[in-house]
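Me: I would like to learn how to read a protein model step by step. Could we take one feature at a time, with the general idea before the case at hand?

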Amino acid sequence: GRTQCLGFVIAGSHTVYFAGDTDVFDGMRDLGRLDVALLPVAGWGPRLPAGHLDPVRAVEALELTEPRLAIPIHWGTYAPWRPPRGDDSPATAFAELAATVVPTVDVRVLRPGQSCPLD
């Protein structure tokens with residue numbers, strides 16, 4: 001069946017927004033102070049369906065949320081029928097555009113399996 005897209009704000013010693021598979025929505029500006037935003041910038045098929053973020057739409061979400069740190073996700077995703085492509089172009093396109101549109105946000109492109117300390 002079809003369900004609504006959703007994301008989560010996880011609050012503790014840091015506040016993290018996990019956008020999930022979602023698109024830009026006005027309520028993003030009301031999420032509060034965010035330390036980190038995990039924003040999808042691609043899909044795992046040959047095209048990205050409506051309701052999902054690509055690099056340009058993810059930068060729009062970044063403008064609304066203005067976290068301290070943004071990490072593009074969902075770009076190195078594997079599909080059950082093929083291995084990961086290793087193409088980081090959606091993540092790097094997001095980082096490059098974010099640097100010009102929202103230069104105050106630290107954007108880090110992590111390789112699959114790489115970690116990022118928040119302290």
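Reply: Let us begin with two neighbouring strands of this predicted model: strand E3 (residues 36–40) and strand E4 (residues 69–73) run parallel, and five bridges join them. To see one such bridge, look at alanine 37, whose bridge partner in E4 is alanine 70.

Me: What packs on the sheet beside these strands, and which strands does it touch?

Reply: Helix H1 (residues 55–65) packs there, touching strand E2 (15–18) as well as E3, E4 and E5, and the direction of H1 makes about 160° with that of E3.

Me: How many strands does the sheet have, and in what order do they lie?

Reply: The sheet is open and has five strands in the order E1-E2-E3-E4-E5, with mixed pairing. Strand E1 (8–11) and strand E5 (106–107) stand at the edges, and because each has a single partner strand, one side of each is left without a neighbour in the sheet.

Me: How do E1 and E2 run, and how many bridges join them?

Reply: E1 and E2 run antiparallel and are joined by four bridges, while a hairpin of three residues leads from E1 to E2. In one of the bridges, phenylalanine 8 is paired with phenylalanine 18 in E2.

Me: Which residues of helix H2 are buried, and why do they line one face?

Reply: The general idea is that an α-helix has 3.6 residues a turn, so residues three or four places apart point the same way. In H2 the buried residues are Pro90, Ala91, Phe94, Ala95 and Ala98; seen down the axis of H2, they fall within an arc of 135°, so they line one face of the helix. The cover over these buried residues includes E3, H1, E4 and E5, whereas the face of H2 turned away from the buried side carries the exposed residues Glu96 and Thr100.

Me: Is serine 89 buried, exposed or partly exposed, and why?

Reply: Serine 89, which has its place in helix H2, counts as partly exposed because its relative accessibility is 37%, a value between the cut-offs of 20% and 50%. Serine 89 and proline 55 are 34 residues apart in sequence, and their C-alpha atoms are 9.4 Å apart in space.

Me: What is the mean pLDDT of the protein?

Reply: As a general caution, where pLDDT is low, the predicted coordinates should not be read in detail. Here the mean pLDDT of the protein is 87, and 84% of its residues reach 70 or more.

Terms used. Residues are numbered from 1 along each chain as its sequence is written. This is a predicted model: local features need pLDDT of at least 70, side-chain atom pairs count only at pLDDT 80 or more; totals for chains, interfaces and linings use all residues. Side-chain values use heavy atoms; hydrogens and water are left out. Two strands pair if DSSP finds at least two bridges between them. Helices (H or I, at least four residues) and strands (E, at least two) are DSSP runs, numbered from the N terminus. Contact means heavy atoms within 4.5 Å. Axes are lines fitted to C-alpha atoms, for helices over the stretch in contact, and angles run from 0 to 180 degrees between N-to-C directions. Buried means under 20% relative accessible area, exposed over 50%, partly exposed in between (1.4 Å probe, protein chains only). The arc is that of the directions from the helix axis to the C-beta atoms. pLDDT is the predictor's confidence in each residue, from 0 to 100.
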